[in-house]
Amino acid sequence: MNENSGSIPFSHYSTSYFQPFISSNPVTSFNPIQRLPTIDRTAFISPFSSVIGDVTIKNQVYIAPNVSIRADEGTPFYIGSKTNLQDGVILHGLLNKQFIVGGRGYSIFIGNKVTVAHKALVHGPCFIGSDVFVGFNSIVYNAIVEGGAFISYNAVVTNGVRIAQNKFVPPGAHIDTQEKADTLSVVPKDSNEFAVEVQRVNQEFPSSHHLLFGKYRCSCGLACDDHA
């Protein structure tokens, strides 16, 4: 199956997305080529969120209000299917720092069915596998987080560590050495159930918001009855 099936550059989305908030990266000495985001038509980008540069957003992704996805320094970014980024989340990356995924370098790679909860910071270079939960106000920077891991609220994961599959980072923990990462326990049942329920709720938002906002929208993102 063609990985780009259903995804087209933002420039084709004048009636579905919000031009003031979704744009190419500016031309700089370190990123001299402007690249537009590539957004699947089933994804939903809320008004007042910003998506800049070489960002791939796959099907049924939900981007809540006031999210900043800024691939103007570190680049590119990838956001997998059915992932949700909640209010106030920030994605940014350091220049020329990447992880290799499928033979290609990414500043930030986020897999499928990932939740990044309110006000979390994901800063590249960073890899987050599928079915990961990143909690409120947490920081993930220069790290590999494997599938099914759970990062609790106010936690910090950094300094090149690798969080193994299905491991639990407790609230407020600072995991900044591999030794600390290797001592983490398995995700408790209640935390896993919480992550699954958050995913279930947020997977309803993309299609529901598309219906709510309608086919035609003004530049602020609100619905317009007439297409002038």
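Visitor: Is lysine 180 buried, partly exposed or exposed?
Guide: Good place to start, and keep in mind that this is a predicted model. A residue counts as buried under 20% relative accessible area and as exposed over 50%. Lysine 180 has a relative accessible area of 35%, so by those cut-offs lysine 180 is partly exposed.

Visitor: Which residue does lysine 180 meet in a salt bridge?
Guide: Side chains of opposite charge can pair when their charged atoms come close. Here the N to O distance is 2.8 Å for another pair, glutamate 146 and arginine 162, and 2.9 Å for the pair with lysine 180. The partner is itself partly exposed, with a relative accessible area of 28%. The residue that lysine 180 meets is aspartate 176.

Visitor: How many residues apart are glutamate 146 and arginine 162?
Guide: Their side chains meet in a salt bridge, at 2.8 Å from N to O. The pair links distant parts of the chain: glutamate 146 sits in the loop between strand S18 (139-145) and strand S19 (150-151), while arginine 162 belongs to strand S21 (residues 162-163). Arginine 162 counts as partly exposed, at 41% relative accessibility. Along the chain, the separation of the two is 16 residues.

Visitor: Which residues are linked with Arg200 in a network of salt bridges?
Guide: One link is the salt bridge between arginine 200 and glutamate 204, with the closest N and O atoms 3.7 Å apart. That distance fits the rule, because a salt bridge needs the nitrogen within 4 Å of the carboxyl oxygen. Arginine 200 is partly exposed at 43%, and glutamate 204 is partly exposed too, at 46%. The residues linked with Arg200 in the network are Glu197 and Glu204.

Visitor: How many salt bridges does the count come to?
Guide: We have already met several, including the one between lysine 180 and aspartate 176 and the one between arginine 200 and glutamate 204. By the rule used here, the count comes to six.

Visitor: Which strands stand at the edges of the open sheet?
Guide: Strands of a sheet pair through backbone hydrogen bonds, either parallel or antiparallel. In this sheet seven strands pair in parallel, in the order S4-S7-S10-S15-S17-S19-S22. Each edge strand has a single partner, so one side of each is left without a neighbour in the sheet. The edge strands are S4 (44-45) and S22 (168-169).

Visitor: Which residue in S19 stands opposite phenylalanine 133?
Guide: Strand S17 (residues 133-134) and S19 run parallel and are joined by two bridges. Across from phenylalanine 133, the residue in S19 is phenylalanine 150.

Visitor: Is threonine 115 buried or exposed?
Guide: You can find threonine 115 in strand S15 (residues 115-116). Leaving out residues up to four places away in sequence, threonine 115 touches Asn84, Gln86, Val132, Phe133, Val134, Val198 and Gln199. With a relative accessibility of 1%, threonine 115 counts as buried.

Visitor: What share of the residues in the protein is buried?
Guide: The protein has three helices and 23 strands. About 10,800 Å² is exposed, and carbon and sulfur atoms supply 53% of that area. Out of 228 residues, the buried share is 47%.

Visitor: What pLDDT does the protein average?
Guide: Confidence varies along the chain: over residues 1-5 the pLDDT stays under 50, and the model has three contacts for them beyond four places in sequence. Residues 8-18 also have a pLDDT below 50, with 38 contacts in the model beyond near neighbours in sequence. Still, 84% of the residues score at least 70, and the average pLDDT is 88.

Notes
Residues are numbered from 1 along each chain as its sequence is written. This is a predicted model: local features need pLDDT of at least 70, side-chain atom pairs count only at pLDDT 80 or more; totals for chains, interfaces and linings use all residues. Side-chain values use heavy atoms; hydrogens and water are left out. Helices (H or I, at least four residues) and strands (E, at least two) are DSSP runs, numbered from the N terminus. Buried means under 20% relative accessible area, exposed over 50%, partly exposed in between (1.4 Å probe, protein chains only). Two strands pair if DSSP finds at least two bridges between them. Contact means heavy atoms within 4.5 Å. Accessible areas come from the Shrake-Rupley method with a 1.4 Å probe; for residues, only the protein chains shown count as cover. pLDDT is the predictor's confidence in each residue, from 0 to 100.
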